[in-house]
Amino acid sequence: LWGAKYFAPLLCAFILSTIMEPMVRLMTNVDKRGNKRSKVGIPRSIAVILSMLIVFTIVGLLLLILINSLISEVSNLASSLPTLWPEIYKTVQIWAAWVQENVELLPPEILNTIVSTISSLGSKVGDFAASIAGTTVSWATSFPSAILFVLFTIMTTYFWSSGRYRYQAYFYDSLPRRWVKRIDHMYKSMIGTLLGYIRAQVIIMFFMFILLSIGFSILQVDYVILL
């Protein structure tokens, strides 16, 4: 969507502030409605800054390690493709010969399609390498935009998290009472379920990524992060 890049920082800020909220409530000693449990606790603005430092440091380090590993693997793959090309071509020829010898019972149209697909595998590998190089250049040229994205996300996260209960109160006070009840019901029945589903999928993908990375590393498979 054309407006996705403009709304993405707002969405990221909302997600980050939601992640930080339990930590902020713990530091400020308030409940989920924003009511003080006791007089002990630091101001919310300071708690938000401390939580942002912790969350952004962890997320930044993880992204730095991931991107650094990915760039290293892509560079190694791109540099090793010319030396691997004779082996790839030889393997493709062996596959093509095996197909011609063992799949003679297939109709000629299907057989020709299989042989042409296997024969074109090498060119597809070359196109894949070229697309990797183009993507790397595109990432490099979009670096200034990424900096603006991060800065805007950080500012939006701070302002939204520091005034979270104030904004919510203003929003609910501006609506008729019956609308507030409907919105609460809709949030609990639909949006809450959707957010729970997305969170479950993200957790599953994260653990699958970790398990596959560990498995590939134990098996000494090259290009673990890329795979």
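User: Why is the pairing of arginine 164 with glutamate 21 called a salt bridge?

Analyst: The rule asks for a side-chain nitrogen of Lys or Arg within 4 Å of a carboxyl oxygen of Asp or Glu. Here the closest N and O atoms are 3.9 Å apart, so the pair makes the cut. It also links distant parts of the chain, with arginine 164 in helix 6 (residues 164–173) and glutamate 21 in helix 1, 143 residues apart. Keep in mind that this is a predicted model: local features need pLDDT of at least 70, side-chain atom pairs count only at pLDDT 80 or more, and totals for chains, interfaces and linings use all residues. Residues are numbered from 1 along each chain as its sequence is written, and side-chain values use heavy atoms, with hydrogens and water left out.

User: What makes Glu21, Arg25, Arg44 and Arg164 a network?

Analyst: They are linked by salt bridges, and the count by that rule is three. Besides the bridge to arginine 164, glutamate 21 has one to arginine 44 at 2.8 Å, N to O. That pair ties together parts 23 residues apart in sequence, because arginine 44 lies in helix 2 and glutamate 21 in helix 1. Arginine 25 forms a salt bridge with glutamate 21 as well, its closest N and O atoms being 4.0 Å apart.

User: Why are arginine 25 and glutamate 21 about one helical turn apart?

Analyst: Because they sit four residues apart in helix 1. As for what gets called a helix, it is a DSSP run of H or I with at least four residues; strands are E runs of at least two, and both are numbered from the N terminus.

User: How do you know whether these charged residues are buried or exposed?

Analyst: By relative accessible area: buried means under 20%, exposed over 50%, and partly exposed is in between (1.4 Å probe, protein chains only). Glutamate 21 comes out at 3%, so it is buried. Arginine 164 has 11% relative accessibility and therefore counts as buried. Arginine 25 has 17%, so it is buried too. Arginine 44 is likewise buried.

User: What else does arginine 25 touch?

Analyst: Contact means heavy atoms within 4.5 Å. Leaving aside neighbours within four places in sequence, arginine 25 is in contact with Val30, Asp31, Lys32, Arg37 and Tyr165.

User: Which class does proline 22 fall into, and why?

Analyst: Proline 22, in helix 1, has 46% relative accessibility, so it counts as partly exposed. Its C-alpha is 8.6 Å from that of lysine 32, which is 10 residues away along the chain.

User: What makes a set like Leu16, Met20, Val24, Ala47, Val48, Met52 and Val55 a nonpolar core?

Analyst: The label goes to buried Ala, Val, Leu, Ile, Met, Phe, Trp, Tyr and Cys residues joined through side-chain atoms within 4.5 Å. These seven residues make up the largest such core. Helix 1 (4–28) and helix 2 (44–102) each supply at least two of its residues, and helix 2 gives the most, with four. Take methionine 52: leaving aside neighbours within four places in sequence, it is in contact with Met20, Thr57, Ile154, Thr157 and Tyr158.

User: How do you know that the span of helix 5 is close to the expected one?

Analyst: The expected span is 1.5 Å times one less than the number of residues. Helix 5 (residues 143–162) has 20 residues and reaches 29 Å from its first C-alpha to its last, against an expected 28 Å. Its buried residues include Thr153, Thr156, Thr157, Ser161 and Ser162.

User: Why is there talk of a nonpolar surface patch?

Analyst: Patch residues have over 30% relative accessible area and no salt bridge; nonpolar side chains (Val, Leu, Ile, Met, Phe, Trp, Tyr) are joined within 5 Å, like charges within 9 Å. This patch covers about 1,100 Å², with Leu63, Phe206 and Ile218 among its residues. Helix 7 (177–218) is one of the helices supplying at least two residues, and it gives the most, with seven. Isoleucine 218 lies in helix 7 and has a relative accessible area of 65%, so it is exposed.

User: What is the overall picture for the chain?

Analyst: It has seven helices and zero strands. Of its 227 residues, 19% count as buried.

Key
Areas by Shrake-Rupley, 256 points an atom, 1.4 Å probe, with all protein chains shown as cover.
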